[in-house]
Number of protein chains: 2
Amino acid sequence: MAKNASPSESARPGPARSLDLERVVDTAVALLDEGGSSALSVRAVAGRLGIQPNAIYTYVADRAALERAVVERVLSLADVGLLAGPARSWRRRLTDYASALRGVLLDHPGAAVLFMSAPMDGPSALFVGEGLVGLFMDAGLSPDDASRATYTVIVHVLGSVALEVAETDGRPPLAPESDRARDRYALLTQVPADVFPLSAATARTAAEWVTTAQFAWDLGLLLDGVAARAKARRRE
Amino acid sequence: MAKNASPSESARPGPARSLDLERVVDTAVALLDEGGSSALSVRAVAGRLGIQPNAIYTYVADRAALERAVVERVLSLADVGLLAGPARSWRRRLTDYASALRGVLLDHPGAAVLFMSAPMDGPSALFVGEGLVGLFMDAGLSPDDASRATYTVIVHVLGSVALEVAETDGRPPLAPESDRARDRYALLTQVPADVFPLSAATARTAAEWVTTAQFAWDLGLLLDGVAARAKARRRE
DNA sequence: ACCTGAACACCGTTCAAGT
DNA sequence: ACCTGAACACCGTTCAAGT
């Protein structure tokens, strides 16, 4: 999981760095990482940068724009190069990138919710989209189906991480997923087996909904669907 | 799309209704429906009920509990009976329920984000889970795979609605999806075709990512995957 | 159990002003 | 362009008190 401090935060020679949007975003991500999603505020960012709250509006139109900038930053941490092919199989490329993106989001759980509320409209989103469409065309889908499959995967990765993070306090590092699954299992054994027999019988599996294994299973299901469509298209 | 006023909000004979959790949740949903997700606050609910802000804590432990109660309420508006079988095919039952749930969420877009941040832990979630596991077992999956597929579908419905709503102001009724797709298309035609050729070529389809058609396509892909796994299992 | 009154430590944002 | 000072209209939550 990418554990890189953002570039402008790292030690560097020369004069004291001036305040710019990158530094504002660095600070926003740092706050999120220290206190979870509720720790991000315009005032907290300003406070940490030693300026007045309203001075933030020099760099960002409003809180929503700050959140979009955070989304862009975190998205940029997952290497889109993993999507490029076709040296590796399209399936491998997709699972590699999806896992990388999930990893980056789990490294910054406080930012995960923002992906569901602040539309991804930055440059990174375009590169991700372009890479995914190309990958699914490599897989044999029509351009239109490749576009649709792109969105399916985006929804799935972002949705599953957001739901996973929602069960935590949002502060990294998250508890090991085995611990979180164990806690879920303890809760799930409380459900009355007489009224929810199937849930009771599958509690072990439901406990693992918020794990890498479930994530991989979901992706496999999706990609089987993609492969089937590609195969059907070749037969046409 | 279910357009039912919540029961305790409808006219009823008898003495003035007393203040209880149901009325608090009614009010919370009403605020969300009038002002979008940002309109929900402990103070606003109290204000509308004519009590002091802190009096809300008689009914709810904190804001998070209020949000979970809203999630439970909205979830309860989608008829879980649609999952029950097996008179109708499992595929039909699933698409019917998924569409109903999506419809209810789009009717209350301000609540959609809450599903990604406030874990569904109420009774309705249990009934939905039980119904989905049963449905996927009817489809021919093993109990464990039925549990996994249940989560895949939940992630997908909640994730896709949240992303769809994120592009709106969150106040119902949402603009017709054809309008929203048209606006997206206008934006997408701005992307430089030389650096994002595939995105440019599929802009028409990407514009429709936030529509019922895309939702149905996604579900179809998922269910094809499910059918393939069920078939493989029968051959074992 | 259900509510008020008062307070604490916060929010995002605007406006006018200074350099 | 970048920042301060002051203000406005908000937040969630706690505590002590009243019925």
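Contact here means heavy atoms within 4.5 Å. Keep that cut-off in mind as you move through this predicted model.

**First stop: a residue inside chain B**

Select V161(B), which sits in helix α8 of chain B. Now show its neighbours, leaving aside residues up to four places away in sequence: V161(B) touches R102(B), L105(B), L106(B) and A112(B). For a sense of how the chain folds back here, draw a C-alpha to C-alpha distance from V161(B) to G103(B); the two are 58 residues apart in sequence and 9.2 Å apart in space. Is V161(B) buried or exposed? Its relative accessible area is 0%, so V161(B) counts as buried.

**Second stop: where the two protein chains meet**

Colour chain A and chain B separately and look at the contact between them. Chain B brings 53 residues to this contact, and chain A brings 53 residues as well. The size of an interface is often given as the accessible area lost when the parts come together. For chain B and chain A that buried area is about 4,900 Å², with 70% of it on carbon and sulfur atoms.

Next, turn on side chains across the interface. How many salt bridges are there between chain B and chain A? The rule finds 2. One to select is the pair D224(B) and R229(A), whose side chains meet with an N to O distance of 2.6 Å. Polar contacts link 16 residue pairs between chain B and chain A, counting pairs with both residues at pLDDT 80 or more.

Now highlight the helices of chain B that face chain A. Those that each supply at least two residues to this side are α6 (114-117), α7 (123-138), α8, α10 (197-201), α11 (203-207) and α12 (212-235). Which of them gives the most? It is α8(B), with 19 residues. By class, the side of chain B that touches chain A divides into 29 nonpolar, 15 polar and 9 charged residues.

**Third stop: DNA strand C**

Show strand C with the residues around it. There are 14 of them, and V42(A), R43(A), Q52(B), N54(B) and Y59(B) come nearest. Of the strand C atoms that come within 4 Å of the protein, sugar and phosphate account for 53%.

Three phosphate contacts are worth a label:

- S41(A): a polar side-chain atom lies 3.2 Å from a phosphate oxygen of DNA strand C.
- V42(A): a backbone N or O atom lies 2.9 Å from a phosphate oxygen of DNA strand C.
- Q52(B): a polar backbone atom is 2.7 Å from a phosphate oxygen of DNA strand C.

The surface near DNA strand C is made up of 6 nonpolar, 5 polar and 3 charged residues.

**Fourth stop: DNA strand D**

Move to strand D, which 14 residues surround; Q52(A), N54(A), Y59(A), R43(B) and R63(B) are the closest. Here sugar and phosphate make up 54% of the strand D atoms that come within 4 Å of the protein.

Select N54(B) to find a contact with a base: an N or O atom of its side chain is 3.2 Å from a base oxygen of DNA strand D. For phosphate contacts, pick Y57(B), where a polar side-chain atom lies 2.9 Å from a phosphate oxygen of DNA strand D. Then pick R63(B), where a polar backbone atom is 2.8 Å from a phosphate oxygen of DNA strand D.

**Last stop: a cis peptide bond in each chain**

Zoom in on P172(A) and P173(A), which are joined by a cis peptide bond with omega about -5°. P173(A) lies in the loop between α8 (143-166) and α9 (177-188) of chain A. In chain B, the bond from P172(B) to P173(B) is cis, with omega near -5°, and P173(B) lies in the loop between α8 (143-166) and α9 (177-188) of chain B.

Technical notes:
Residues numbered from 1 in each chain as written. Chains lettered and ligands numbered in written order. Heavy atoms only, no water. Helix = DSSP H or I, 4+ residues; strand = E, 2+ residues; numbered from the N terminus. Near = heavy atom within 4 Å. Polar contact = N/O pair within 3.5 Å; in protein donor to acceptor, adjacent residues only side chain to side chain. Nonpolar A, V, L, I, M, F, W, Y, C, P; charged D, E, K, R; others polar. Buried < 20%, exposed > 50% of the residue type's maximum accessible area, 1.4 Å probe, protein only. Buried area = accessible area lost by both parts, 1.4 Å probe. Salt bridge = Lys/Arg side-chain N within 4 Å of Asp/Glu carboxyl O.
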